[in-house]
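Student: Could you take me through the pockets in this one, slowly? I'd like a close look at the lining of the second one in particular.

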Amino acid sequence: MKIGVSSYSFSRYLASGTHIFDIINMAAEIGFEGMEFTDFGSLSQSDNNQLEIAAQVREKVLETGMEIMSYTIGADFLKPKNNGSQKDEVNRLKGELDIAKALGAPCMRHDVTTGAHGNKSELEDYIEALPTLVECCREVTEYGADIGVKTMFENHGYFIQDSDRCSLILSRVNHPNMGALVDIGNFLCADEDPVVAVKQMASWAFHVHAKDFHVKPASANPGAGWFPSRGKNWLRGAITGHGDVDIYGCLKALKDAGYDGFISIEFEGVEDNRFALETGLQNLKNIAAML
């Protein structure tokens, strides 16, 4: 099992101005075998073309001996950026796929939507939105297939977070170039058992996040660092192996389904990023050795 890390896991350092090249060096020093990118830090604000920046980042990663796992972007087919149309959002994602190609990423993760914000129940909104989401996802992944980059979406953002909702979109798109980024911790945001959810999603997995959470039942707000699940339980990002996610059970479900790709740590807790990632990597190695 190869273990990588998301640049998002260094968000505290990036926010304080640490250069993305220094983050790449740090990831290699810690011992990760691959990286995925949510953005390129301060380089993204430079005057250089994003394709050129992606190529520079790719060269830097390869210099360290790591692999590039994925490129991650936000998207919303129901509420496109800048009040654009769904076609505008699809075309924007095609441009992002060009960046993923320049980065050397074998796959690109995009969101689907954060929700319809309609007047009906959330499930009814999902059912109504499903044809639109499927159509947009299919058009994006067809372009990805043309340029050799797989596409995937993550169980993310409450509205598209349950394994049932994710699986239905994927089965309706029904394209070999589209799969899932299975985030084992994110299922808790929809109050779903991670092991049960991973078993359902494992066959779709193109990439995996080993995210962990501390969980408290619905009660008074525990304070800074915590956020509510859809069912109003409380979650806080945890060092991998320190939280309440059954990481062994999730990894075993993936292995039993034949998944042999990267496992990537995505950390969003309150601890120092480097300490959290050094500790999480060792914990994940220990858990993987038990499989």
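**The second largest pocket and its bigger neighbour in the ranking**

Tutor: Sure. The second largest pocket holds about 200 Å³ of space. Keep in mind that this is a predicted model. Walking along the chain, the lining starts with I68 and M69, goes on to P106 and C107, and then takes in K150. After that come A205, F206 and H207, and the list closes with Y259, D260, G261 and F262. In terms of secondary structure, two strands, β3 and β7 (205-210), each put at least two residues into this lining. Of the elements, β7 has the largest share, with three residues. Sort the lining by class and you get eight nonpolar residues, two polar ones and two charged ones.

Now set the largest pocket beside that. Its volume is about 440 Å³, and 23 residues line it. Those nearest its centre are Y8, T38, R109, H156 and E266. Here the elements that give two or more residues to the lining are α1 (11-15) and β3 (67-73). β3 gives the most, at three residues. So much for who contributes; the class make-up is seven nonpolar, eight polar and eight charged residues.

If you want one thread to follow between the two, pick β3: that strand supplies at least two residues to the lining of the second largest pocket, and it also gives three to the lining of the largest one.

Technical notes:
Residues are numbered from 1 along each chain as its sequence is written. This is a predicted model: local features need pLDDT of at least 70, side-chain atom pairs count only at pLDDT 80 or more; totals for chains, interfaces and linings use all residues. Side-chain values use heavy atoms; hydrogens and water are left out. On a 1 Å grid over the protein atoms alone, a cavity is a set of points where a 1.4 Å probe fits but cannot get out, and a pocket is an open set with protein on both sides within 12 Å along at least five of seven lines; lining residues have an atom within 4 Å of a point. Grid points are joined across faces, edges and corners, and a volume is the space filled by probe spheres set on the points. Helices (H or I, at least four residues) and strands (E, at least two) are DSSP runs, numbered from the N terminus. Ala, Val, Leu, Ile, Met, Phe, Trp, Tyr, Cys and Pro count as nonpolar, Asp, Glu, Lys and Arg as charged, and the others, Gly among them, as polar.
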